[in-house]
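Q: I would like to learn how to read a model of this kind, feature by feature. Could you take me through the one shown here?

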Amino acid sequence: MDVQTLHTKQLQTAGRGDRVARTRESIVASALALATAGQVAPIVRDIAQMAGVSARTVFQHFADTAELYVAVLGRVLAALVGESKELATVGPVEQRIASMIDQCADRYEQLRPMWTFVETLQRRSPEAADMISQIYSANTANLSQAFAPELAALPAESRQRALTALALAIAPESWVVLRQRLNLSVEQAREELSFVVKSAFATEAARR
């Protein structure tokens with residue numbers, strides 16, 4: 001095979017790869033759009049129609065809907081992590097709390113419309129549940145760094161309790177409860193989270 005023929009075949013292969021990637025991306029984006037619109041389990045027919053492909057094509061790219069949904073979840077979590085900044089580890093504690101609350105509010109408000117989809121998926125898929133757990137673990141690790149001085153000032157037996165309280169306060173579920181169950185505005189939800197976070201430190205500090 002001469003060089004020109006080889007180059008042509010490589011270009012054709014790359015083109016097919018690009019088309020496959022674009023089709024897969026379109027399917028995932030369509031499923032994500034439907035989940036964001038509130039569909040707990042977007043059906044393949046609707047996903048395929050939005051993506052401009054057939055239902056058969058969807059299953060050529062994904063073994064089943066569970067695999068597709070996990071891909072959607074991965075896209076959501078990657079976007080949330082990618083958009084988030086590292087929590088400040090220096091400066092007044094009030095400023096660090098405010099920065100953390102702002103970041104959580106922005107991230108979780110984006111996630112809120114599809115939270116039922118996320119909750120349902122993590123119950124059905126061990127892979128999805130593991131992805132969510134990794135995010136929670138990362139949040140706890142970030143909190144321990146952002147508030148290291150305040151945690152270090154607490155008695156040893158109180159540090160883990162305070163850290164757990166902080167992690168609970170900024171969990172996505174807390175934001176959903178404040179916004180959807182208690183019908184608070186975004187600003188009111190921010191204020192409540194700030195109050196809870198400050199209370200966690202104050203309560204444990206009072207035990208000294």
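Q: Where should a reading begin, and what average pLDDT does the chain have?

A: Begin with confidence, since this is a predicted model. The chain averages a pLDDT of 85, and 86% of the residues score at least 70. Over residues 6-15, however, pLDDT stays under 50, and for that stretch the model has two contacts beyond four places in sequence. Where pLDDT is low, the predicted coordinates should not be read in detail.

Q: With that caution in mind, how many helices and strands are there in the chain?

A: The chain has eleven helices and zero strands, so that, reading from the N terminus on, the order of elements is α-α-α-α-α-α-α-α-α-α-α. Of the 208 residues in the chain, 36% are buried. If one takes the contacts between residues at least 6 apart in sequence, 67% of them join residues at least 24 apart. The exposed surface of the chain comes to about 11700 Å², of which carbon and sulfur atoms supply 55%.

Q: How is a single helix read in terms of burial, and which residues of α2 are buried?

A: One lists the buried positions and then looks at how they are placed around the axis. In helix α2, residues 44-51, the buried residues are Val44, Ile47, Ala48 and Ala51. These four lie on the same side of α2, because the arc they cover around the axis is only 95°. Arg45 and Gln49, on the other side of α2, are exposed. Just after the helix, Gly52 takes a positive phi of about 75°.

Q: Is Arg45 buried or exposed, and how far is Arg45 from Arg56 in space?

A: Arg45, whose place is in helix α2, has a relative accessible area of 60%, and therefore counts as exposed, the cut-off being over 50%. Between Arg45 and Arg56, which are eleven residues apart in sequence, the distance from C-alpha to C-alpha is 9.7 Å.

Q: What does a database record add here, and which residues does UniProt list for "DNA-binding region"?

A: A record supplies an annotation that can be set beside the coordinates. The unreviewed UniProt entry lists residues 43-62 under "DNA-binding region". In the model, that span is 75% helix and 0% strand, and its end C-alpha atoms lie 13 Å apart.

Q: How does one judge the length of a helix, and what span does α5 reach?

A: One compares the distance between the end C-alpha atoms with the span expected at 1.5 Å a residue. Helix α5, residues 93-111, has 19 residues and reaches 27 Å from its first C-alpha to its last, close to the 27 Å expected. Its buried residues include Arg96, Gln103, Arg107 and Tyr108.

Q: Which residues is Asn139 in contact with, leaving aside its neighbours within four places in sequence?

A: Asn139 lies in helix α7, residues 126-146, and, once those neighbours are left aside, is in contact with Arg107 and Tyr108, both of which are among the buried residues of α5. Asn139 has a relative accessible area of 12% and so is itself buried, given a cut-off of under 20%.

Q: Finally, what is the value of phi near which Asn183 lies, and where is Asn183 found?

A: Backbone angles are read residue by residue. Phi of Asn183 is near 60°, a positive value in a residue other than glycine. Asn183 is found in the loop between α10 (172-181) and α11 (186-205), and with a relative accessible area of 62% Asn183 is exposed.

Technical notes: Residues are numbered from 1 along each chain as its sequence is written. This is a predicted model: local features need pLDDT of at least 70, side-chain atom pairs count only at pLDDT 80 or more; totals for chains, interfaces and linings use all residues. Side-chain values use heavy atoms; hydrogens and water are left out. UniProt positions are given in the numbering used here, feature names are shortened, and annotations may be inferred rather than shown by experiment. Helices (H or I, at least four residues) and strands (E, at least two) are DSSP runs, numbered from the N terminus. pLDDT is the predictor's confidence in each residue, from 0 to 100. Contact means heavy atoms within 4.5 Å. Buried means under 20% relative accessible area, exposed over 50%, partly exposed in between (1.4 Å probe, protein chains only). The arc is that of the directions from the helix axis to the C-beta atoms. Accessible areas come from the Shrake-Rupley method with a 1.4 Å probe; for residues, only the protein chains shown count as cover. The expected span of a helix is 1.5 Å times one less than its number of residues.
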